[in-house]
Structure formats: structure tokens, C-alpha cells
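Visitor: Please take me through the ligand site in detail. Which residues surround the ligand, and what is the pocket around it like?

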Amino acid sequence: QSGSVAANPEQYDESYLCPVQVGGQTLNLDFDTGSADLWVFSTLTPATQSTGHAKYNPKTSGKAKSGYTWNISYGDNSGASGTVYADKVVVGGVTATSQAVEAATSVSTQFMQDTDNDGLLGLAFSTINTVQPQQQTTFFDTVKGTLAKKLFTVDLKAGTAGTYDFGYIDSSKYAGTITYVPVKTTNGFWEFTAGAATANNRSLGSVGDAIADTGTTLMYLPTAVTSAYYAQISGATNSAAAGGYIFPCDADVPDFHITIGGKSFTVPGEYINFTPADNSGEQCFGGIQPNTGIGFTILGDVFLKAMFVVFDQTTSAPRLGFAAQ
Ligand SMILES: O=C(Nc1ccc(Cl)cn1)C(=O)N1CCCC1
């Protein structure tokens with residue numbers, strides 16, 4: 001089988017939500033290549049936390065996995081926890097007849113407040129799934145053997161709907177050729193080595209170990225690369241109060257170029273002029289921030305929405321394919 005689902009941007013492209021049928025009920029989920037749990041708001045979630053969200057009712061067709069629990073936290077310190085059911089999950093026509101559906105019994109404030117988001121669909125490697133006592137597979141791992149090709153592609157866009165495709169590569173969605181690089185799976189992420197970064201034809205240094213993460217909004221780069229980038233924007237400062245680099249909203253924000261697999265790819269400066277940093281709209285928050293304390297680079301949505309990316313498990317050595325949109 002193969003299929004395609006829309007990825008609809010939230011305000012400021014903060015995240016992208018995709019309609020998914022869970023036990024016959026449609027929920028809008030945040031597809032996240034940086035985690036491996038499929039969890040949903042449910043009838044088990046306290047009403048004080050679930051108001052405004054679509055909820056999965058396991059009673060309809062779910063089979064409880066007795067004694068199974070899950071508990072996940074993300075880089076922004078949001079998180080959720082709950083219990084586990086097996087149910088039918090359909091994404092863009094691709095069907096998992098018995099997928100582990102993790103029903104939330106508790107969610108953090110960030111999830112409670114984002115009423116467009118009804119849960120997450122993890123697309124990292126199942127080795128980092130949090131279900132105990134027995135780890136469960138991601139939707140992709142569950143259906144992988146039934147797909148025309150064991151791969152999915154990500155085509156996020158700035159300010160408009162993109163797509164996640166499962167089982168095939170649509171060559172109309174990218175320009176030029178796809179450049180493939182090997183993936184290191186030991187941390188459970190789609191992790192690879194990126195190369196030189198430049199802006200205004202000046203070297204910013206090398207990016208190095210990086211993950212392709214659709215669940216993270218921004219780009220978190222090595223501190224040296226980040227500071228060299230913002231040195232080229234007059235008025236840019238690293239503001240503790242704002243939580244990162246900000247600059248005058250009318251500044252000239254340079255394009256960011258990164259080499260992957262020997263090919264250069266460009267993130268337009270306008271994507272890096274991310275959002276107003278305050279109510280006056282005078283200062284804007286940067287789409288590139290330092291990866292302090294993370295230990296690797298995260299290439300999140302700001303990067304991905306300039307790219308067409310193939311998450312490829314067609315062979316025993318997973319790989320990532322990158323092309324310009
Ligand atoms: O928080 C995340 N990433 C993240 C955020 C900040 C920093 Cl420094 C690093 N990573 C993330 O992937 N998600 C997924 C769903 C909700 C948030």
C-alpha cells in the first residue's frame with residue numbers, strides 16, 4: 001500500500017498537524033520524526049486538560065493492553081503519559097490494522113493549551129518508544145512491510161499545507177536530484193553528519209552531527225555557527241529575556257546555506273525571521289538558535305520547510321535523502 005496526508009501548518013509554522021483516523025475517529029496529530037510514540041488525547045484525559053481537543057474513545061474498537069503504560073517528555077519540557085490500546089490507525093489511506101495507540105491520562109500545559117493538537121505520531125526509530133513493560137512500534141514500523149517501498153517522504157511548506165507520503169517518492173515535489181547520506185540509528189533518531197555552513201559567502205563553520213526532526217520548530221545549531229550567523233545581522237543580540245537570539249524585524253536576514261552529502265542547500269533568510277519577539281513587533285525571534293545543552297544539531301521545521309526529505313528504510317542501512325523543493 002501507499003498514501004499521502006496533508007501537513008497543515010499552525011500559526012507561524014510552529015508545528016504541522018495531519019488528520020489521522022484512530023479507531024474510526026479523526027484526530028489532528030503532530031507527526032514527529034524526533035520521537036517514537038503515537039499518543040492521543042482521549043476520553044481518559046481529564047476534562048480540565050482536554051477541553052477543545054478531539055479525543056480518542058478506546059471503548060469503540062480499542063483493545064486494552066493490560067498493564068501497559070507510557071510517559072514521554074520532549075526537548076521543550078512538554079510531556080504526556082497514559083495507558084495503551086491496540087486499534088486501527090489510517091494515515092492518508094495507509095492502514096495499520098493493529099497499531100499501539102497511547103491514550104493520554106495526563107498532558108502538560110503546552111499540549112493542553114494548543115487545542116489544534118490532538119496528539120503526536122512518532123516517526124523516529126521504535127527503539128526509543130516509551131511504552132513499558134514492552135516497547136511498541138511506530139506507525140511506520142508497523143506498516144513498513146506492507147508499503148510499496150519501505151520509506152516515507154516529508155514535504156513541509158512555509159505558511160501552507162505540505163504532505164507526508166508513505167511508500168513512494170513523488171518526483172514532482174522536488175527540484176534537481178536527491179542526495180542520500182547514511183543514518184546513525186544508535187540514539188533512535190534520523191541522525192546524520194552535516195557539513196559546512198555559510199551566509200553572505202562567509203564561512204560559519206561546520207554543523208556536524210545533526211538530526212532531521214519534524215517535531216521541533218526551529219534550527220538548533222552549534223554555538224559557534226549560530227553566533228557567526230547573527231554577527232551578520234546588525235542589531236542582533238542573544239537575549240536571555242527573549243530566550244534566544246533576536247534582531248530588529250526590519251533587519252536584512254541573510255540566507256543560510258548548509259552542505260549535506262557534498263551538496264549545498266539553502267534556507268531563505270525570511271524563514272529565519274521567525275516571529276515577533278514582543279508585542280511591539282519591533283524585535284523578531286530568530287529561526288536559528290544555539291544547541292546549548294542538546295549535544296547535537298536539530299534541523300527542525302525552519303530547515304525542513306525548504307527541503308524535500310526521504311526517510312528511507314528500503315535497505316538494512318537506513319538513509320536520508322535531501323532535495324531542494
Ligand atoms: O520540543 C521539541 N523539540 C525541542 C524543543 C526545544 C529544544 Cl531546545 C529542543 N527540542 C519537540 O520535538 N516536540 C515534539 C512535540 C512537542 C515538542
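**The ligand and its pocket**

Guide: Start with the shell around the ligand. Its residues divide into six nonpolar, four polar and four charged. Keep in mind that this model is predicted. In total, 14 residues surround the ligand. The closest are G75, D76, L120, G215 and T216.

Now take the polar contacts one by one. T216 uses its side chain: a polar atom there lies 2.8 Å from a nitrogen atom of the ligand. D76 uses its backbone instead of its side chain in the next pair. A polar backbone atom of D76 is 3.0 Å from an oxygen atom of the ligand. G215 also contributes through the backbone. One of its N or O backbone atoms lies 3.3 Å from a ligand oxygen atom. How much of the ligand does the protein bury? Taken alone, the ligand exposes 420 Å², and the protein buries 82% of that.

Next, step back to the space that holds the ligand. The ligand sits in the largest pocket. How is such space found? Rolling a probe the size of a water molecule over the atoms shows where empty space is left. The largest pocket holds about 1100 Å³ of space. Its lining counts 38 residues. Closest to the pocket centre are Y74, G75, D76, G215 and T216. Of these, G75, D76, G215 and T216 are also among the residues closest to the ligand.

Which elements supply the lining? Those that give two or more residues are β3 (25-32), β5 (63-73), α3 (109-113) and β19 (273-276). By type, the lining residues divide into 16 nonpolar, 14 polar and eight charged.

Finally, two backbone details are worth a look. Most residues other than glycine have a negative phi, and most peptide bonds are trans. Check Y12 against that. Its phi is near 60°, a positive value in a residue other than glycine. Y12 is found in the loop between β1 (3-9) and β2 (16-22). Then check the peptide bond from Q132 to P133. That bond is cis, with omega near 5°. P133 lies in the loop between β8 (119-122) and α4 (139-143).

To recap the site: the ligand sits in the largest pocket, and the protein buries 82% of the area the ligand exposes when taken alone. For a first view, display T216 with its side-chain atom 2.8 Å from the ligand nitrogen.

Key: Residues are numbered from 1 along each chain as its sequence is written. This is a predicted model: local features need pLDDT of at least 70, side-chain atom pairs count only at pLDDT 80 or more; totals for chains, interfaces and linings use all residues. Side-chain values use heavy atoms; hydrogens and water are left out. A residue is near a molecule or strand if one of its heavy atoms lies within 4 Å of it. A polar contact is a pair of N or O atoms within 3.5 Å; within protein, one must be able to donate a hydrogen and the other to accept it, and residues adjacent in sequence count only if both atoms are side-chain atoms. Accessible areas come from the Shrake-Rupley method with a 1.4 Å probe; for residues, only the protein chains shown count as cover. On a 1 Å grid over the protein atoms alone, a cavity is a set of points where a 1.4 Å probe fits but cannot get out, and a pocket is an open set with protein on both sides within 12 Å along at least five of seven lines; lining residues have an atom within 4 Å of a point. A molecule sits in a cavity or pocket if more than half of its atoms lie within 2 Å of its grid points. Ala, Val, Leu, Ile, Met, Phe, Trp, Tyr, Cys and Pro count as nonpolar, Asp, Glu, Lys and Arg as charged, and the others, Gly among them, as polar. Grid points are joined across faces, edges and corners, and a volume is the space filled by probe spheres set on the points. Helices (H or I, at least four residues) and strands (E, at least two) are DSSP runs, numbered from the N terminus.
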